[in-house]
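Biologist: Could you take me through this model step by step, for someone in a first year of study?
Modeller: Yes, please have it open in front of you while we talk.

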Amino acid sequence: MNAAQMVNALKEKFGEAVLSTTEFRGEQTVHVSIASVKALLKYCRDELAFDYLVDLSTLDHMGEEPRFEVVYELYGYGHHAHLRVRSKIPDGEDAPSVCDIWAGANWHEREAWDMMGVKFSGHPDLRRILMWEGYPFFPLRKEFPLAGKPSDLPEVGFTKVAPMADGPFVTSAGAADTVSREPRAKRTEDEK
Amino acid sequence: MPTVTREYEAPDVAAKAAMQAESMEATTSDIVGEKMVLNMGPSHPATHGVLRLVLEMDGEIITKADPDVGFLHRGDEKIAENMHYNQFVPYTDRLDYLAPLANNVAYALACEKLMGWEVPERGRAIRVICCELARISAHMLGVGVFAMDVGAMTVFLYTFTEREKIYNLCEQLTGARFTTSYTRVGGQVRDLPDGFVSAVRKFLDELEPVIDEVDKLLTRNAIFMARTQNLGVITKQEAIDWGISGPNLRGSGVAHDLRKSNPYLDYERYDFDIPVGTTGDCYDRYLVRMEEMRQSVRILRQVMDKLPGGPINVADAKGLLPKKEKVLMKMEELIHHFIIATQGIDAPPGEVYFGAENPKGELGFYIHSKGGGVPYRLKIRSPSFINLSILSKMIPGHLLSDVPSVLGSLDFVMGECDR
């Protein structure tokens with residue numbers, strides 16, 4: 001089955017949920033409503049043998065409603081066909097996480113959140129990945145200037161005691177467990 | 001007038017590490033406090049750049065690993081949205097900076113797919129030479145530093161001598177040793193220089209004995225085998241699920257190579273094999289890289305044997321800069337030059353994805369165009385980024401001393417991972 005036939009199979013199976021399909025330079029793109037995108041992707045992997053999630057990217061259509069769109073690039077090792085699935089995310093809704101379909105989606109989704117501010121519901125660990133935790137902007141959004149914006153420094157803070165404070169000789173020989181033998185800091189006389 | 005004093009906290013890496021370690025301790029299952037958190041990197045010789053690993057250790061055994069990337073983030077995708085297609089070529093040199101020629105070619109092919117162009121036969125053959133030289137160069141480094149990570153220093157010296165020769169070839173071809181920027185959308189900046197083919201042939205003749213030498217030094221070396229076999233195993237199913245690509249995927253036994261499955265640049269005309277591993281351990285990934293270098297030599301010989309003549313750039317003159325002599329002599333060419341230099345190539349609206357089989361894996365560019373000379377969105381699918389994401393699954397259960405071996409066998413580049 002080639003990609004065009006698979007698009008037809010998807011249209012038959014999902015009916016109304018497949019909003020439109022486009023073809024450009026021999027690549028098939030399926031536009032899907034966000035409510036059905038996960039079911040469709042699961043069907044693609046299980047029934048149409050798209051076992052490789054090549055890429056997950058996001059688009060910012062600033063000035064349009066809905067503004068954000070998530071783009072999945074699929075590939076099958078068996079049939080060597082490529083398929084693109086696009087889904088617009090209405091304001092106030094999250095995209096569904098596909099980490100349980102392809103484990104490799106984990107970092108892709110973290111990157112999409114970090115760079116574009118698109119949330120993925122059901123993601124096991126949606127943290128920032130390229131920028132630091134606590135960075136206030138989403139740099140790939142269209143309103144973010146190329147030169148960047150000033151922001152506070154990374155929220156590193158100071159810990160009470162850094163590891164190995166007071167030099168390397170913090171071990172207390174002969175104590176009962178490793179925590180007492182190798183404490184995080186040298187203890188003062190009255191703590192001992 | 002009252003003055004306000006604000007306290008700023010220094011972005012101290014050590015303090016950040018300590019804080020992260022503390023927060024990791026808070027979420028750990030380790031109630032008795034027997035486990036410790038070890039911060040490896042971002043400046044560590046075995047992390048090949050600026051990868052940072054936060055490792056939770058039970059004695060010498062790793063129980064949890066959290067890779068931290070992004071220290072080399074430059075915002076290449078944002079930069080791409082703000083410049084013409086051709087202006088982005090130098091940025092692709094700096095993705096996988098061990099194989100800049102291959103990145104140049106992959107980017108040019110993606111843009112040409114958007115434009116609907118195809119470079120002529122000679123241009124395609126030249127690009128194959130670029131890609132395969134880059135592959136040898138990248139694998140030479142990959143194998144060399146991998147061996148050094150596990151204690152075999154000598155190999156590194158051999159492989160770097162050969163890489164130096166590849167840099168000399170790059171200099172002949174492009175004028176630059178490292179940041180080549182050789183391709184443009186629709187072609188190359190210049191044809192092969194005189195004597196280049198014979199120089200490459202001479203290099204290949206010298207390279208083959210070195211590959212054999214490295215093979216003798218490592219493949220049956222008891223220490224090397226003990227330090228790499230049955231370590232860092234990625235099963236076939238895991239490799240597929242996590243989207244691993246390149247030699248790491250093939251090391252796990254998946255016979256997938258875009259040069260074979262979705263041939264571009266006439267790769268279907270050349271006779272070569274795809275090596276695959278059986279167990280998916282560090283040793284298999286090493287073997288795959290060694291064999292890929294030999295196959296690249298094979299491809300290079302075939303390309304040069306039947307190197308076609310003719311033009312190297314696309315015939316569509318509207319998208320390419322006219323010849324300099326003509327620009328200086330003729331009005332139309334001057335206007336044409338001016339338009340291309342100021343407005344860029346007029347791309348049609350549409351979207352394409354093109355993935356090329358690069359030394360590290362599938363380097364893909366997703367270009368979303370709304371027309372005009374600037375991409376609306378350019379997403380780089382970097383193989384190193386995805387290949388690293390499996391670390392948190394793969395490392396737990398290993399000894400700390402095996403981490404350099406696992407990292408070396410994955411052969412990643414942070415410039416490409418962080419973009």
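**Domain, core and surface**

Modeller: Over residues 31-149 of chain A, the chain is 18% helix and 26% strand, with end C-alpha atoms 34 Å apart; helices (H or I, at least four residues) and strands (E, at least two) are DSSP runs, numbered from the N terminus. This is a predicted model, in which local features need pLDDT of at least 70 and side-chain atom pairs count only at pLDDT 80 or more, while totals for chains, interfaces and linings use all residues. Residues are numbered from 1 along each chain as its sequence is written, chains are lettered from A and ligands numbered from 1 in the order written, and side-chain values use heavy atoms, without hydrogens and water.

Biologist: Which helix gives the most to the largest nonpolar core?
Modeller: A nonpolar core is a set of buried (under 20% relative accessible area, 1.4 Å probe, protein chains only) Ala, Val, Leu, Ile, Met, Phe, Trp, Tyr and Cys residues joined through side-chain atoms within 4.5 Å. The largest one has 168 residues, and A:Tyr72, A:Leu74, B:Val69 and B:Phe365 have the most contacts (heavy atoms within 4.5 Å) inside it. With 14 residues, the biggest contribution to this core comes from chain B, residues 121-149, helix α5.

Biologist: Is B:Met331 buried or exposed?
Modeller: B:Met331 is found in helix α14 (residues 331-343) of chain B. Exposed means over 50% relative accessible area, and B:Met331 has 55% relative accessibility, so the residue counts as exposed.
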